[in-house]
Amino acid sequence: MGETEDTSPAGPRYYRLSEIEDQNTFKSSWIIIHNKVYDVTKFLEEHPGGEEVLREQAGGDATESFEDVGHSTDAREMADSMVIGELHPDDREKICKPEEIRVTTLEVEPSWWFNWLIPVLAAAIVTLMYRIYIAESEV
């Protein structure tokens with residue numbers, strides 16, 4: 001625990017990522033949510049989603065999982081009581097995931113004349129077939 005730093009007696013306590021990763025045991029479970037460090041060890045058995053959900057995230061960043069579930073206001077307030085510090089600023093970039101690059105495809109719309117081409121050709125073929133039919137029936 002020599003990597004733990006205090007900014008001031010009243011300031012937040014910072015934990016290094018390596019120290020948090022070490023807290024992934026049956027005796028201690030820490031998780032990171034929005035760069036805050038939570039000790040969820042005592043809450044494991046009470047968690048409505050089950051103990052294994054928290055154990056899977058222990059020792060790492062659980063922000064995405066926490067937000068995906070859509071926790072209630074009460075759950076967020078309860079989580080605030082488990083905050084023991086913050087992730088050290090130097091380690092925050094290590095857990096930041098690169099932003100997803102969204103690829104958009106452009107639909108190529110054919111020009112206006114293409115929208116008329118198929119019906120006009122169909123009409124011309126039907127007219128031609130009708131004239132051939134009429135010409136043969138007159139003979």
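**Exercise 1.** In this predicted model, the side chains of D91 and R16 meet in a salt bridge; find where the two partners lie and whether D91 is buried or exposed.

*Solution.* Begin with the N to O distance of this pair, which is 3.1 Å. Next, place the partners: D91 belongs to helix α5, while R16 sits in the loop between β2 and α1, so that the pair, 75 residues apart, links distant parts of the chain. Finally, D91 has a relative accessibility of 2%, and because buried means under 20%, D91 counts as buried.

**Exercise 2.** Determine which other residue forms a salt bridge with R16, and which network these residues belong to.

*Solution.* R16 also pairs with D90, their closest N and O atoms being 4.0 Å apart. D90 lies in helix α5 (residues 89–95), 74 residues from R16, and at 47% relative accessibility D90 counts as partly exposed. Taken together, R16, D90, D91 and K94 are linked in a network of salt bridges.

**Exercise 3.** Describe the surroundings of I33.

*Solution.* First locate I33, which is in strand β3 (residues 30–33). With a relative accessibility of 5%, I33 counts as buried. Leaving aside residues up to four places away in sequence, I33 touches Y38, D61, A62, T63 and F66.

**Exercise 4.** Decide where the confidence of the chain is lowest and where it is highest.

*Solution.* The mean pLDDT of the chain is 82. Strand β1 (residues 5–6) has the lowest confidence, at a mean of 46, whereas strand β4 (residues 36–39) has the highest, at 92. Over residues 1–8 the pLDDT is below 50. Where pLDDT is low, predicted coordinates should not be read in detail.

Definitions and conventions. Residues are numbered from 1 along each chain as its sequence is written. This is a predicted model: local features need pLDDT of at least 70, side-chain atom pairs count only at pLDDT 80 or more; totals for chains, interfaces and linings use all residues. Side-chain values use heavy atoms; hydrogens and water are left out. Helices (H or I, at least four residues) and strands (E, at least two) are DSSP runs, numbered from the N terminus. Buried means under 20% relative accessible area, exposed over 50%, partly exposed in between (1.4 Å probe, protein chains only). Contact means heavy atoms within 4.5 Å. pLDDT is the predictor's confidence in each residue, from 0 to 100.
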